[in-house]
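Subject: Structure handover

Hello,

Here is the structure I said I would pass on. My notes on it follow below.

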Amino acid sequence: MTTTPPPAASSVTLEQPVIFYPGTLCDERVFMPCWRAIDIPKRAFVPLQWAESLKQMLALSHDRLDYFDEPVHLVGFSMGGYVAALTALEQPNRVASLTLIGSYPGQFDQQERQARNNIIQAIKNKKYQGMSGNRLKQFVLSVDNSQVIDIIKAMESDLGPAVLAAQMAALSEREDLTARLANANFTLHLLVGEQDKIAPPSKITALGAGLSKSRLHIFDAAAHMLPLEQPAALAQYFAENFS
């Protein structure tokens with residue numbers, strides 16, 4: 001069994017404000033290892049787990065955006081990337097940059113929509129048994145990384161199936177934002193793990209090809225749970241690119 005020690009606290013300070021958005025069934029814990037690796041005094045977190053609809057997610061996002069008087073870097077992981085992107089498109093003059101981590105801002109295909117609907121129905125019928133071992137393997141580079149696995153399972157247990165159902169229902173039928181992002185005037189950072197099976201690098205690379213102001217970075221030794229698997233490398237990217 002291999003484990004990755006938590007990154008040491010960093011002396012690097014990022015002066016500009018940054019707002020973080022979690023993925024499905026995630027909370028602050030998905031970003032905490034990264035936060036320990038870089039000092040961000042002007043930091044805010046959007047608790048998407050509190051919302052029951054996309055409208056409520058956006059309300060929480062706009063509330064956090066109002067914390068700051070200067071342009072803000074928006075950082076969204078997976079599901080949170082979509083909410084961050086929609087926020088950026090609604091208030092582009094408030095945005096210094098948009099970062100999508102393992103996140104594709106388009107629509108889901110029919111197969112994914114059906115899979116999401118099956119999970120929602122299982123939760124409603126009280127037949128949902130939680131994330132299976134095979135499903136978990138799709139999210140991580142290695143199931144032997146107990147530190148990452150423990151955080152994922154703890155978030156799943158604490159937030160529960162009702163939050164999962166609400167989040168899936170809120171975003172299953174969603175607008176394709178790719179064309180609008182192509183015309184955006186802010187920098188778009190596309191970050192993805194080399195082994196991401198949820199938002200594959202090939203798909204994110206193709207997305208970036210159509211976005212003139214995008215910057216693509218593929219992280220080694222990471223799958224979909226990039227913020228937990230490579231937090232120090234993620235923090236370093238922020239330090240080098242958010243200025």
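Which residues point one way from β3, and which the other way? V72, L74 and G76 are on one side, while H73, V75 and F77 point the other way, and all are buried. Put as a count, six of the six residues of β3 are buried, so the strand is mostly covered. In general, side chains in a regular strand alternate between the two faces of the sheet.

Please keep in mind that this is a predicted model. The average pLDDT of the chain is 94, and 95% of the residues score at least 70. Residues 1-9 are where to be careful: pLDDT stays under 50 there, and the model has 20 contacts beyond four places in sequence for this stretch. Where pLDDT is low, the predicted coordinates should not be read in detail.

Strands and their partners

β3 covers residues 72-77 and pairs with β1 in the parallel sense, over four bridges. One pairing to look at is Y21, whose bridge partner in β3 is G76. G76 also stands opposite L100 in β4. β4 spans residues 95-101, runs parallel to β3 and is joined to β3 by six bridges. Between these two strands lies helix α3, residues 79-90, and β3, α3 and β4 together make a right-handed β-α-β unit.

β1 takes in residues 18-21. V18 and F20 point one way from this strand, I19 and Y21 point the other way, and all are buried. β1 is also joined to β2, residues 43-45, by three bridges, and these two strands run parallel. In that pairing, V18 stands opposite R43. To get from β1 to β2 the chain passes through helix α1, residues 32-37, in a β-α-β crossover that is right-handed.

F45

F45 is in strand β2. Its relative accessibility is 11%, and because the cut-off for buried is under 20%, F45 counts as buried. Which residues does F45 contact, leaving aside its neighbours within four places in sequence? They are F20, P22, D27, E28, F31, W35 and R64. F20 belongs to the group of β1 residues described above as buried. From F45 to V18 the separation is 27 residues in sequence, and the two are 8.6 Å apart in space, C-alpha to C-alpha.

Cysteines

How many disulfides does a search of the whole structure find? The search finds zero. C26 is in no disulfide, and the nearest cysteine sulfur, that of C34, is 14 Å away. A disulfide needs two cysteine sulfur atoms within 2.5 Å, so at 14 Å C26 and C34 do not form one. Are these residues buried or exposed? C26 has a relative accessible area of 4% and is buried. C34 is at 0% relative accessibility and counts as buried.

Regards

Notes:
Residues are numbered from 1 along each chain as its sequence is written. This is a predicted model: local features need pLDDT of at least 70, side-chain atom pairs count only at pLDDT 80 or more; totals for chains, interfaces and linings use all residues. Side-chain values use heavy atoms; hydrogens and water are left out. Buried means under 20% relative accessible area, exposed over 50%, partly exposed in between (1.4 Å probe, protein chains only). Two strands pair if DSSP finds at least two bridges between them. A crossover is right-handed if, with the strands pointing away from the viewer, the path from the first strand over the helix to the second runs clockwise. pLDDT is the predictor's confidence in each residue, from 0 to 100. Contact means heavy atoms within 4.5 Å.
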